[in-house]
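Work through the following exercises with the sequence and the structure open beside you. Try each task before reading its solution.

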Amino acid sequence: MPVSVEAQQVHDSAIVIDLHADTPKLISRGYDFTVRHRPRWPISRYVGHVDLPRMREGGLAAQWFGMWTAPYPRRGTAADIHRQLDALDDTARAHPGSFRLATTGDDIRRARAEGVSAGLRGIEGGQALEGDLGNLVAFARRGVRYLGLLHFSRSEIGCPAMGIGRSRDDGLTGFGCEVVDACAELGVLVDLAHINRPGFFDAIARAHGPVIVSHTGVAGVRPMWRNIDDEQIRAIADTGGVVGVIFSPAYLGGELDAVVDHLLHIIDVGGRETVALGSDWDGFIRPARGLESPAQLPLLTDALLRRGLAAETIHMLLGGNVLRVLDAISPSR
């Protein structure tokens, strides 16, 4: 599918950042992130979406990597995160001229100016803390910049929107409140993807500064358990945070045009400062047709232009809003 000249120009002038891909788990198990992959069906439906050549081809300046762990047995999840962090560190050390790890907005800006792709680190699921704030401190010191409080299982922090131990009534636990407070101290963003609704608003009420939802659809376009509603979008906007739209048709109700529908709904409800990309590549989802990898991202820019968005708004959506959030939080220490 060809990309218009105007779209390519708008895309090339933006600093493009995606909020969530689950690639570190693959890298820690031998996936060579530095070479181009062409996975075939059915593998291509679930993994093998992100690699360095396709990031560069699609103009993806920075990929935020979400590190996930299986919740049972609980012991060992922290060590699994450290293995994934080690794998990212090893990749960056082995390829300093093409890939580096970032913790700040300025890190990303410098990397892009020097023609180097950047990676950021996040954690999907607070079960990785094993109920110990010391693990959060250790992860922050290693450059982790967001923590998804919940994934698909109840933990010491709270309950998921769907999965083992889900609850419609229970909010954050006492430990969960401590985690939100500690994130503010450490310069770690709180990510509210996957958390149940009571826990969502408990975290919003307790947060100090921007809060994000790294990858989600929106219920105003497609009502379902995984998608957040307009009240939640406005709550994120009020913190100065962002909502990243997932690229999964299962949650969006369609392909590339549905991604645009969800992005535009966030703009309509929360303002253009609130919208971002949150693909969930390599997250065992089938990406929307036309967004199977970062190489196709200019097609999204083209679709946004066809729907009437101004270049400035597209720049904000593609990465400017995420940079603003990074600039607003203190570096981890």
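**Exercise 1: A residue in helix H13**

Leu318 counts as buried, because its relative accessibility is 0%. This value, like the others below, comes from a predicted model.

Task: Find out where Leu318 is located and which residues it touches, leaving aside those up to four places away in sequence.

Solution: Begin with the secondary structure, where Leu318 is found in helix H13. Then list the contacts, among which are His11, Ala14, Ile15, Val16 and Ile17, together with Leu277 and Thr301.

**Exercise 2: The two sides of helix H1**

Task: Determine which residues of helix H1 (residues 5–12) are buried, and explain why they lie on the same side of H1.

Solution: First, pick out the buried residues of H1, which are Ala7, Val10 and His11. These residues cover an arc of only 100 degrees around the axis, and therefore they lie on the same side of H1. The general background is that an α-helix has 3.6 residues a turn, so residues three or four places apart point the same way. Next, turn to the other side of H1, where Val5 and Gln9 are exposed. Finally, look at what covers the buried residues of H1, which includes strand S1 (16–21), helix H12 (297–306) and helix H13 (311–328).

**Exercise 3: Counting disulfides**

Task: State how many disulfides the structure holds, and justify the answer for Cys177.

Solution: The structure holds zero disulfides. For Cys177, the closest cysteine sulfur is that of Cys183, and at 12 Å this is too far for a bond, because a disulfide needs the two sulfur atoms within 2.5 Å. As for accessibility, Cys183 is buried, with a relative accessible area of 0%.

**Exercise 4: Aromatic pairs**

Task: Give the number of aromatic pairs, and classify the pair of Phe33 and Phe99.

Solution: The count comes to nine aromatic pairs. In the pair of Phe33 and Phe99, the ring centres are 5.1 Å apart and the planes stand at 65 degrees, so the pair is edge-to-face, since planes over 60 degrees apart are classed in this way. Now locate the partners: Phe33 lies in the loop between helix H2 (23–27) and helix H3 (52–57), while Phe99 lies in strand S3 (residues 99–101), so the pair ties together parts that are 66 residues apart in sequence. Phe33 counts as buried at 2% relative accessibility, and Phe99 is buried with a relative accessible area of 0%. As a last step, note that Phe33, Phe65 and Phe99 form one aromatic cluster.

Technical notes. Residues numbered from 1 in each chain as written. Predicted model: local features only at pLDDT ≥ 70, side-chain atom pairs only at ≥ 80, totals over all residues. Heavy atoms only, no water. Buried < 20%, exposed > 50% of the residue type's maximum accessible area, 1.4 Å probe, protein only. Helix = DSSP H or I, 4+ residues; strand = E, 2+ residues; numbered from the N terminus. Arc of directions from axis to C-beta. Contact = heavy atoms within 4.5 Å. Phe/Tyr/Trp six-rings, centres within 6.5 Å; stacked < 30°, edge-to-face > 60°.
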